Amino acid sequence: MKAAGRQPKKRPGKAQRAAAKQAQTAKKTGGGKPAAKKTAAKKTVPLPRGAVRAAHPGTCPACFKDYDKGTVITKVSEG
């Protein structure tokens, strides 16, 4: 059942199809727009065994020192 007043979509013309195809091949091969410069990736220092980065600020249960988010903390035997 067709809706009243609606027309079927028209197929794009030959020139439009050629332009679309050219854009797709340029996208696949990396042509067209120049690639954005990549920023230098931060080199992360590997953490010592048993250490993690704090997900949120808190207080050490062993020495009662405060630490911020992202601080490297190690597990202690007491807690």
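Colleague: How many helices and strands does the protein chain have?

Modeller: One helix and four strands. Both are DSSP runs numbered from the N terminus: H or I with at least four residues for helices, E with at least two for strands. Along the sequence the pattern reads α-β-β-β-β.

Colleague: What kind of model is this, and how are residues numbered?

Modeller: It is a predicted model, where local features need pLDDT of at least 70, side-chain atom pairs count only at pLDDT 80 or more, and totals for chains, interfaces and linings use all residues. Residues are numbered from 1 along each chain as its sequence is written, and side-chain values use heavy atoms, with hydrogens and water left out.

Colleague: What share of the residues counts as buried?

Modeller: 4% of the 79 residues. Buried means under 20% relative accessible area, exposed over 50%, partly exposed in between, with a 1.4 Å probe and protein chains only.

Colleague: Pockets next. What is the volume of the largest pocket?

Modeller: About 270 Å³. A pocket here is an open set of points on a 1 Å grid over the protein atoms alone, where a 1.4 Å probe fits, with protein on both sides within 12 Å along at least five of seven lines. Points are joined across faces, edges and corners, and the volume is the space filled by probe spheres set on them.

Colleague: Which residues are closest to its centre?

Modeller: C60, P61, Y67, I73 and T74, out of 16 that line the largest pocket. Lining residues have an atom within 4 Å of a point.

Colleague: Which element gives the largest share of that lining?

Modeller: β4, with three residues. β3 (66–67) and β4 (72–74) are the elements that give two or more.

Colleague: Is T74 buried or exposed?

Modeller: T74 counts as exposed, because its relative accessibility is 53%. This residue lies in strand β4.

Colleague: What does T74 touch?

Modeller: G50 and A51, leaving out residues up to four places away in sequence. Contact means heavy atoms within 4.5 Å. The C-alpha atoms of T74 and A51 are 4.3 Å apart, with the two positions 23 residues apart along the chain counted as separation.

Colleague: Switching to cysteines. How many disulfides does the structure hold?

Modeller: Zero. A disulfide needs a pair of cysteine sulfur atoms within 2.5 Å. For C60, the nearest cysteine sulfur is that of C63, 3.4 Å away.

Colleague: Why does C60 count as buried?

Modeller: Because its relative accessible area is 19%. C63 counts as partly exposed, at 43%.
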